[in-house]
Amino acid sequence: MRKASEVERELNRAGLQRFWEFWWTRKVRLFAESLGDNEHIVAGVRGYFREVRGRLVATEQRLLFIERKGLFGSIVESFPYSRINEISASNDVFRGDLIISSGASTERIRSIWKAHLIAFLHLVQQTLAEFRSGGPTSSTGAANHLDTASQLEKLAALRDRGVLTPQEFQEQKEKLLRQ
């Protein structure tokens, strides 16, 4: 089992820090219990899975949705990259859904902020492609993807605030993704 303090730092780096939550320590412990010894959180988003609001994280090996439910219950859903056929998104104006096709089933993580969704989707698609090709999925490679994802989020925020025009945003995004 991973140390809760390490997992909490990874959640914070992924942008999933505590946000007015009473059961935060229990949630961090649940993540620590669910992650493998050599598995690290590289990115994450908040959304709804089966009508429950929680956190979806990407690791080097899988996507993992976790949320406490009630006093003693919890929801833990694992989507190993080896079983994911396709991952895509459907967007609304401000929010969107992450669509995970795995075997015969399709699952949705709903109502994710659009700026976070796009960056997370790109990171997961790239990690999934590397996983399939047997390429680098180390925590160092994942950290580089996280950096790109966080830079994309910052660019999107600047565009949304009107600091960047849509054309400037697109140019910067393409430049960043080419690196």
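The salt bridges of a predicted model are described here, together with the burial of the residues that form them.

Side chains of opposite charge can pair when their charged atoms come close. Under the criterion applied to this predicted structure, the count of salt bridges comes to nine. Among them is the contact between the side chains of Lys27 and Glu67, in which nitrogen and oxygen are separated by 2.8 Å. Because Lys27 belongs to helix H2 (residues 24-34) and Glu67 to strand S3 (residues 62-69), this pair ties together parts of the chain that are 40 residues apart in sequence. Both partners fall under the 20% limit that defines burial: Lys27 is buried, with a relative accessible area of 10%, and Glu67 is likewise buried, at 8% relative accessibility.

A further salt bridge joins Glu107 to Arg50, with 2.9 Å between the closest N and O atoms. Glu107 is situated in strand S7 (residues 105-113), whereas Arg50 occupies the loop between strand S1 (43-49) and strand S2 (52-58), so that the pair ties together parts 57 residues apart in sequence. With a relative accessibility of 18%, Glu107 counts as buried, since the assignment requires a value under 20%.

Strand S7 also contributes Arg108, which forms a salt bridge with Asp97 at a distance of 3.1 Å between the closest N and O atoms. Asp97 lies in strand S6 (residues 95-102), and the pair links distant parts of the chain, the two residues being eleven positions apart. The two partners of this bridge fall into separate accessibility classes, as Arg108 is partly exposed at 31% relative accessibility, while Asp97 is buried, with a relative accessible area of 14%. The value for Arg108 lies between the limits of 20% and 50%, and the residue is therefore assigned to the intermediate class.

In addition to these pairs, Arg2, Glu6 and Glu10 are linked with one another in a network of salt bridges.

Apart from the charged pairs, a spatial relation was computed for Ala157, a residue of helix H4 (residues 139-160). The C-alpha atoms of Ala157 and His116 are 9.8 Å apart in space, and the two residues are separated by 41 residues in sequence. Ala157 counts as partly exposed, with a relative accessibility of 33%.

Key. Residues numbered from 1 in each chain as written. Predicted model: local features only at pLDDT ≥ 70, side-chain atom pairs only at ≥ 80, totals over all residues. Heavy atoms only, no water. Salt bridge = Lys/Arg side-chain N within 4 Å of Asp/Glu carboxyl O. Helix = DSSP H or I, 4+ residues; strand = E, 2+ residues; numbered from the N terminus. Buried < 20%, exposed > 50% of the residue type's maximum accessible area, 1.4 Å probe, protein only.
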